[in-house]
Amino acid sequence: MAELLLPLDALADRYRLTVTLDGVDVGLRCYWLPRAAGWYLDLERADGEPIAGGVRITPGAGVAFPGAGEGVPPGQFVALGPDAYSRDDLGGQVRVVYVEAA
């Protein structure tokens, strides 16, 4: 079972990147919501078409995209780090890995 550390960081409050996971190109839109004091992810197709969104990065839990259908890689997203975190912790203490399906 292979894990891939997603290249997320806290350099900007909002950004998008494209990654290939289990052979599927997907876009990840990452953003900080100050009122909720948390980082969130949207999952998109590589062309930017939304698949699912508004998922909070909660360390110690899977990052599930409810309602997501076609275009979702078959593996799992998992958040790692301390329960309480601040904006600057993403990419340091708080990480998101993708666990390949195979």
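Me: How many bridges join strand β4 to β5, and in which direction do the two run?

Reply: Strands of a sheet pair through backbone hydrogen bonds, and the pairing can be either parallel or antiparallel. In this predicted model, strand β4, which covers residues 38–45, is joined to β5 by 4 bridges, and the two strands run antiparallel. To find a particular point along this pairing, start from Leu43, whose bridge partner in β5 is Ala52.

Me: Where do β4 and β5 stand in the order of the sheet?

Reply: The sheet is an open one made of 4 strands, and its order reads β2-β3-β4-β5, with antiparallel pairing. Because β2 (14–21) and β5 (50–56) each have a single partner strand, they stand at the edges, and one side of each is left without a neighbour in the sheet. From one strand to the next, the twist averages 20°.

Me: Turning to the side chains, how many aromatic pairs does the structure hold, and what is the geometry of the one formed by Phe77 and Tyr98?

Reply: Planes over 60 degrees apart count as edge-to-face. The structure holds 4 aromatic pairs, and one of them is formed by Phe77 and Tyr98, with 5.1 Å from centre to centre and 65° between the planes, which makes the pair edge-to-face. This pair links distant parts of the chain, since Phe77 lies in strand β6 (residues 76–80) and Tyr98 in strand β7 (residues 95–99), 21 residues apart.

Me: Are Phe77 and Tyr98 buried or exposed?

Reply: Both Phe77 and Tyr98 are buried.

Me: Which residues do ring pairs link into a cluster?

Reply: The cluster consists of Trp32, Trp39 and Tyr85, linked by ring pairs.

Key: Residues are numbered from 1 along each chain as its sequence is written. This is a predicted model: local features need pLDDT of at least 70, side-chain atom pairs count only at pLDDT 80 or more; totals for chains, interfaces and linings use all residues. Side-chain values use heavy atoms; hydrogens and water are left out. Two strands pair if DSSP finds at least two bridges between them. Axes are lines fitted to C-alpha atoms, for helices over the stretch in contact, and angles run from 0 to 180 degrees between N-to-C directions. Rings of Phe, Tyr and Trp (its six-membered ring) pair if their centres lie within 6.5 Å; planes under 30 degrees apart count as stacked, over 60 as edge-to-face and the rest as tilted. Buried means under 20% relative accessible area, exposed over 50%, partly exposed in between (1.4 Å probe, protein chains only).
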